[in-house]
Every structure is written in C-alpha cells, then in structure tokens.
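Trainee: I am new to this structure and would love a close look at a single part of it. Could you walk me through that part and then place it in its surroundings?

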Amino acid sequence: MVNIGNDWDELLGGEFQKEYYLKLRAFLAHEYKTGTIYPDMYDIFNALKFTPYNEVKAVIIGQDPYHGEGQAHGLCFSVMPPVPPPPSLKNIYKEIEDELGTPPPKDGDLTRWAKQGVLLLNTVLTVKAGLANSHRGMGWEIFTDKVIELLNKRDKPIVFILWGNNAKAKSALITNPKHIILTAAHPSPLSAFHGFFGCGHFRACNDFLIKTNQEPIKW
C-alpha cells in the first residue's frame with residue numbers, strides 16, 4: 001500500500017484500491033523488475049510527499065518524468081545535483097530572472113519550491129529509460145486527474161500554472177472560481193519563444209497569493 005505520509009493519504013486512499021490502479025501497479029512491478037524506470041520507485045510520489053494537500057498554493061503541471069539517468073526524482077521540471085538544469089528549467093529560471101530580478105540558482109533541485117507549497121505534478125509519474133511517454137495511457141492520467149479534481153474542490157485559492165497544450169487540457173478539470181488559471185507555451189527550447197518568455201506567471205502567481213492572504217513563493 002502506498003504511504004504518502006500526510007493528508008493526501010486519506011484523500012487518495014480509495015484510488016489505490018481501484019481496478020485501474022491495481023493494473024497500473026502490476027504493470028509497474030513488471031517494468032521496475034525487468035528494465036530501468038525513472039524515477040526510483042521510492043520517489044514516484046515525491047510531489048505529494050513534499051507538498052501536503054492543505055499546503056498547496058500553486059500547481060505546476062508537467063508531462064512525464066525526465067528519462068535520462070539521474071534526472072527524475074518525482075517533481076516535474078526538477079533534477080537533483082550534480083545533474084545540470086535541463087533546457088526547459090533553464091528557460092524557467094530565465095523567465096524568473098526577467099520578471100523578478102532573481103539570479104538563477106546553480107542547481108536544478110526544485111524541492112525548495114515544493115516545500116513552500118508549489119505542487120510540481122507530472123501527469124504521468126514514471127517513464128522507461130530513454131523513452132519519453134513510454135508509460136503514457138497506463139493509468140497514471142486517471143490518478144493525477146483525481147489529484148487535480150481534489151485540489152479544484154478546495155476552498156482555499158490555488159494558482160494553477162499550465163504550460164503547453166498537454167497541461168492546458170487540464171483546465172477543464174479546474175472549475176472552482178476561487179482558483180486562478182495561468183496558461184502559456186511550454187518552456188522547452190522549441191516553444192519558449194512562442195509565448196512562454198514574457199508570460200509573467202511568477203509575478204502573477206505571487207500577486208494572487210498576496211491578494212488572497214497567502215505567503216508569496218520565493219522563486
């Protein structure tokens with residue numbers, strides 16, 4: 001049984017008994033046994049472990065984990081040192097610097113954001129080494145949609161940050177008028193110049209948090 005270790009356990013407990021999740025679990029058991037899968041199985045739920053439900057201030061939605069060695073550790077866009085920040089994260093740091101004047105950190109570990117209330121959620125939580133989207137359509141999307149639906153129900157306002165078409169598709173799940181949705185192009189080098197740079201999301205997120213009597217994020 002999955003143990004997240006905070007208020008997500010009670011909220012998501014029923015999901016782990018459902019048929020789709022039991023099939024996903026059997027698939028993952030085979031995948032981890034027979035190949036190289038990222039992240040480490042103990043890091044799969046880090047986004048939820050580091051950011052309890054009632055402490056979520058902002059949600060950044062990614063696609064699936066990095067598929068290179070030593071990169072993925074359960075938080076979207078984040079990598080652990082000594083792995084250098086990948087191109088998308090470098091562009092995120094550049095936008096933060098342009099908006100807020102904050103110089104980019106040396107490493108790509110975004111745990112510091114997660115612990116401030118930024119849920120760094122990929123829509124698919126595992127991937128086969130070297131094969132992007134290899135675990136797509138296996139059940140993770142049902143699980144992560146449930147996470148978004150639970151957040152949508154929350155009374156305390158949340159900033160949903162959706163970059164790229166896959167993330168923007170999740171806006172259909174966010175119907176509560178107390179929350180705010182910020183959308184832009186994906187920060188990858190292929191699309192960053194088509195609407196990510198200059199999006200103003202980091203400043204807009206903090207402005208909304210201040211307006212709703214919440215502590216802004218130290219980006």
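Which residues does Thr123 touch, not counting residues up to four places away in sequence?

Mentor: Happy to help. Please keep in mind that this is a predicted model.

Let's begin with your residue. Thr123 touches Ile61, Gly62, Gln63, Trp140, Glu141, Thr144 and Lys170, once residues up to four places away in sequence are left out. Thr123 sits in the loop between E3 and E4. Its relative accessible area is 9%, and the cut-off for buried is under 20%, so Thr123 counts as buried. Two of the names in that contact list, Ile61 and Gly62, belong to strand E2, where they are buried on opposite sides. Two others, Trp140 and Thr144, are among the buried residues of helix H6. These two elements are good places to go next.

Take the strand to begin with. E2 covers residues 58–62, and five of its five residues are buried, so this strand is largely enclosed by the rest of the structure. Both of its faces are covered: Ala58, Ile60 and Gly62 lie on one side, with Val59 and Ile61 on the other. E2 also has strands paired with it. With strand E3 (residues 118–122), the pairing is parallel and runs over five bridges; here Val59 stands opposite Leu119. With strand E5 (residues 159–163), E2 again pairs in the parallel sense, over four bridges. In that pairing, Ile60 has Ile161 of E5 as its bridge partner.

Now look at Leu121, which lies in strand E3. Its relative accessible area is 3%, so Leu121 is buried. Leu121 and Ile61 are 60 residues apart along the chain, yet their C-alpha atoms are separated by 5.0 Å. Leaving out residues up to four places away in sequence, Leu121 touches Ile60, Ile61, Gly62, Cys76, Thr144, Val147 and Ile148. Notice that Ile61, Gly62 and Thr144 appear here and among the contacts of Thr123 as well.

That brings us to the helix. H6 (140–152) has 13 residues and reaches 18 Å from its first C-alpha to its last, close to the 18 Å expected at 1.5 Å a residue. Its buried residues are Trp140, Phe143, Thr144, Asp145, Val147, Ile148, Leu150, Leu151 and Asn152. They pack against helix H1 (8–12), H2, helix H3 (46–50), E2, E3 and E5. The strands we have just visited are therefore included in what the buried residues of H6 pack against.

H2 is worth a stop too. This helix (residues 19–34) has 16 residues and spans 23 Å from its first C-alpha to its last, close to the 22 Å expected at 1.5 Å a residue. Tyr20, Tyr21, Leu24, Leu28, Glu31 and Tyr32 are its buried residues. They cover an arc of only 90° around the axis, which puts them on the same side of H2. The face turned away from that buried side carries the exposed residues Glu19, Lys23, Lys33 and Thr34. Among the elements that cover the buried residues of H2 are strand E1 (37–38), strand E4 (127–128) and H6.

One more residue leads back to E5. His201 is found in helix H8 (residues 201–211), and with 4% relative accessibility it counts as buried. The C-alpha atoms of His201 and Val159 are separated by 9.7 Å, with their positions 42 residues apart along the chain. Apart from neighbours within four places in sequence, His201 is in contact with Glu99, Ile161, Trp163, Leu182, Thr183 and Ala184. One of these, Ile161, is the bridge partner of Ile60 that you met earlier.

Finally, step back to the whole. The protein has eight helices and six strands, which run from the N terminus as α-α-β-α-β-α-α-β-β-α-β-α-β-α. Its radius of gyration is 17 Å, close to the 17 Å that the globule rule gives for 219 residues, so the protein is as compact as a globular protein of that length. The C-alpha atoms fill a box of roughly 45 × 35 × 30 Å, taken along the principal axes. Of the 219 residues, 52% count as buried. Among contacts with a separation of 6 or more, 64% join residues 24 or more positions apart; the contact between Leu121 and Ile61, 60 residues apart along the chain, is one you can look up yourself.

Notes:
Residues numbered from 1 in each chain as written. Predicted model: local features only at pLDDT ≥ 70, side-chain atom pairs only at ≥ 80, totals over all residues. Heavy atoms only, no water. Helix = DSSP H or I, 4+ residues; strand = E, 2+ residues; numbered from the N terminus. Expected span 1.5 Å × (residues − 1). Buried < 20%, exposed > 50% of the residue type's maximum accessible area, 1.4 Å probe, protein only. Arc of directions from axis to C-beta. Contact = heavy atoms within 4.5 Å. Rg over C-alpha atoms; globule rule 2.2 N^0.38 Å. Pairing = 2+ DSSP bridges.
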